[in-house]
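I opened the two-panel view of sequence and coordinates and kept notes as I went. The entries below follow the order in which I looked things up.

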Amino acid sequence: MMSELFSIFEYQFFRNAVAAAVLTSIIASMVGTYMVSRKIVFIGGGITHASFGGIGLAYYMGLNPFAGAAVFAVMTALGIEWLSEKGKVREDSAIAVLWSLGMALGIIFVFITPGYTPNLMTFLFGSILSVGKGDLLLLLIFSVLLCIYFVVFFRPVLYTAFDPEFARTKGIAVSAYRYLMSIIMALAIVLSIRTVGIILVLSVFTIPQITAMIFTRDFSRVVPWAAALGAFGSVAGLMAAYVLDIPASAAVIFFLTVQFLIIKACSLLIRNIKRKRVSG
Amino acid sequence: MSVPLLVMENVSTGYNSRTVLEEVNLKVYPDDFIGVIGPNGGGKTTLVKIILGLQPIFGGRIHFPSGRIKTGYLPQASQVDRSFPITVRDVVASGLKSRNPLFPHLSSSQKKRVDRMLDEVGLKPVEYKPIGELSGGQLQKTFLSRALIEKPQLLILDEPNSHVDKNFEQELYSWLNELSREMAIMLISHDIGTIAPMVKTIACVNHSMHYHPSNQISEEVLKVYNCPVDIIAHGPIPHRVLKRHDDE
């Protein structure tokens with residue numbers, strides 16, 4: 001049974017899928033920890049869904065749909081950060097508008113595109129099993145650059161996320177770091193749409209991170225924990241998808257959630273046992 | 001008299017087009033210990049933000065006769081997100097400026113300074129604890145250490161006694177007494193009775209600012225200053241006696 005299960009690794013498409021899942025987990029570990037810590041996961045949702053407008057427009061104009069998504073995602077991320085900084089419009093309202101507008105534009109453009117209608121399911125739910133070498137190279141380059149950025153600029157990224165006002169008193173260019181992180185968030189999300197799709201991408205940026213925070217509440221340790229948990233859950237999900245013949249990206253999210261629930265339950269159990277020992 | 005650290009002349013500021021503070025004149029000297037009082041929404045925190053360079057001014061002038069000064073800032077406890085995954089050590093270290101903005105890491109001497117600070121205030125045993133697991137007193141110590149680590153010339157504390165128990169409050173005030181010999185302090189509080197015995201002068205802030213060159217202040221003077229705060233205190237300072245709360 002086990003050898004049959006692992007025989008799937010003989011296929012190039014599956015090895016690509018595993019590599020994509022691991023690289024996506026690494027990217028999401030850094031960006032997702034930033035998003036969860038700053039409590040801006042909802043912004044991630046806005047960026048993700050707004051990018052669908054870019055996909056639709058790119059299709060209509062005959063361009064690369066992921067380039068369109070990237071442009072829309074970056075513009076949305078910068079717009080939300082600007083609105084939040086200036087405080088002119090309620091941030092949650094702005095996100096809701098951009099979220100639904102993006103989806104609406106995407107549907108309209110795809111609908112009016114003459115001739116072949118692209119398969120929307122690919123964008124909504126991802127297509128990790130069809131990831132090619134070009135996609136992998138892009139994910140690899142982005143994750144390496146992101147790792148370098150986080151290692152070199154870890155302190156200002158952490159401080160501007162935690163207490164921007166105090167960081168400003170220390171001469172840190174808070175706005176510059178926040179706008180840069182917004183662009184990074186947007187690009188990370190668009191790259192991950194290829195693997196898990198618009199509907200599910202947010203889970204990859206939140207579930208491993210909140211699972212990691214059960215083990216540690218130190219930002220610099222949450223990141224490697226989230227990467228490991230994300231990669232493990234994703235690969236387990238891919239293998240389950242093969243065995244059970246179910247959609248791969250949905251299986252990945254399901255496994256990440258189960259992993260979270262099991263670890264959370266265990267931590268609660270251990271805490272209760274410790275409490276009883278102390279009181280007993 | 002020594003050279004002031006900072007001088008504010010006819011400063012006004014606000015948010016969007018709404019003016020919050022008008023015609024503020026203030027000089028802060030190196031040995032000052034100023035209690036900043038006033039009603040909620042009167043502009044106390046805004047005054048601090050002007051000094052810290054966080055709030056642009058509409059008019060007037062703020063200048064530093066002896067050059068840019070080092071400030072230490074302790075924000076209100078309610079502004080802190082305790083669920084953020086950050087350790088005591090990282091918070092204290094965030095008080096240090098990076099020497100190279102292109103490679104903003106701590107130098108080995110800065111790391112030693114963090115160690116010394118944590119030792120001095122007794123936070124070494126909890127240095128790797130996340131701030132969400134600290135008591136109110138430990139949390140204030142952490143943020144005060146962050147404010148003090150660069151040895152500021154002016155220390156600004158915004159309601160430092162909120163969310164802490166009485167024991168820590170006493171410890172905090174004796175700490176501030178010692179610090180006031182080394183640096184100027186501005187202490188914002190809504191509780192004039194508690195801070196009055198400690199501060200040297202009082203600034204009443206309620207959309208404008210009245211500087212009172214003593215720590216003794218009466219309700220009559222507060223009325224003249226248009227600064228409606230209750231005086232609740234014991235000892236030689238004029239005070240109002242409240243009815244026993246448990247009788248009601």
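**Notebook: domains, interface, helices**

I began with chain B, whose domain assignment (bounds of this kind come from an automatic or database assignment) gives domain 1 as 1-70 + 153-248 and domain 2 as 81-150. Eight residues of domain 1 of chain B are in contact with five residues of domain 2 of chain B, contact meaning that the C-beta atoms, placed from the backbone, lie within 7 Å. On the domain 1 side of chain B, the touching residues divide into five nonpolar, one polar and two charged; Ala, Val, Leu, Ile, Met, Phe, Trp, Tyr, Cys and Pro count as nonpolar, Asp, Glu, Lys and Arg as charged, and the others, Gly among them, as polar.

I noted the conventions before going further: this is a predicted model, in which local features need pLDDT of at least 70, side-chain atom pairs count only at pLDDT 80 or more, and totals for chains, interfaces and linings use all residues. Residues are numbered from 1 along each chain as its sequence is written, and chains are lettered from A and ligands numbered from 1 in the order in which they are written.

I then checked confidence in chain A, where the mean pLDDT (the predictor's confidence in each residue, from 0 to 100) is 90, with 97% of residues at 70 or more. Helix α1 (residues 2-6) of chain A has the lowest mean pLDDT among the chain's elements, 73, and helix α12 (residues 207-215) of chain A the highest, 97; helices are DSSP runs (H or I, at least four residues) and strands likewise (E, at least two), numbered from the N terminus.

Between the chains, I found 19 residues of chain B in contact with 19 residues of chain A. The chain B side of that interface divides into 11 nonpolar, six polar and two charged residues.

In α12(A), I looked up burial (20 or more other C-beta atoms within 10 Å is buried, 12 or fewer exposed, in between partly exposed, with C-beta atoms placed from the backbone) and found I207(A), P208(A), Q209(A), T211(A), A212(A) and M213(A) buried. The buried residues of α12(A) pack against α2 (12-37), α11 (201-204), α13 (219-244) and α14 (248-279) of chain A.

By contrast I turned to F9(A), in the loop between α1 and α2 of chain A, which is exposed because 11 other C-beta atoms lie within 10 Å. The C-alpha atoms of F9(A) and M239(A) are separated by 9.6 Å, although these residues are 230 apart along the chain.

Definitions and conventions:
Contact = placed C-beta atoms within 7 Å.
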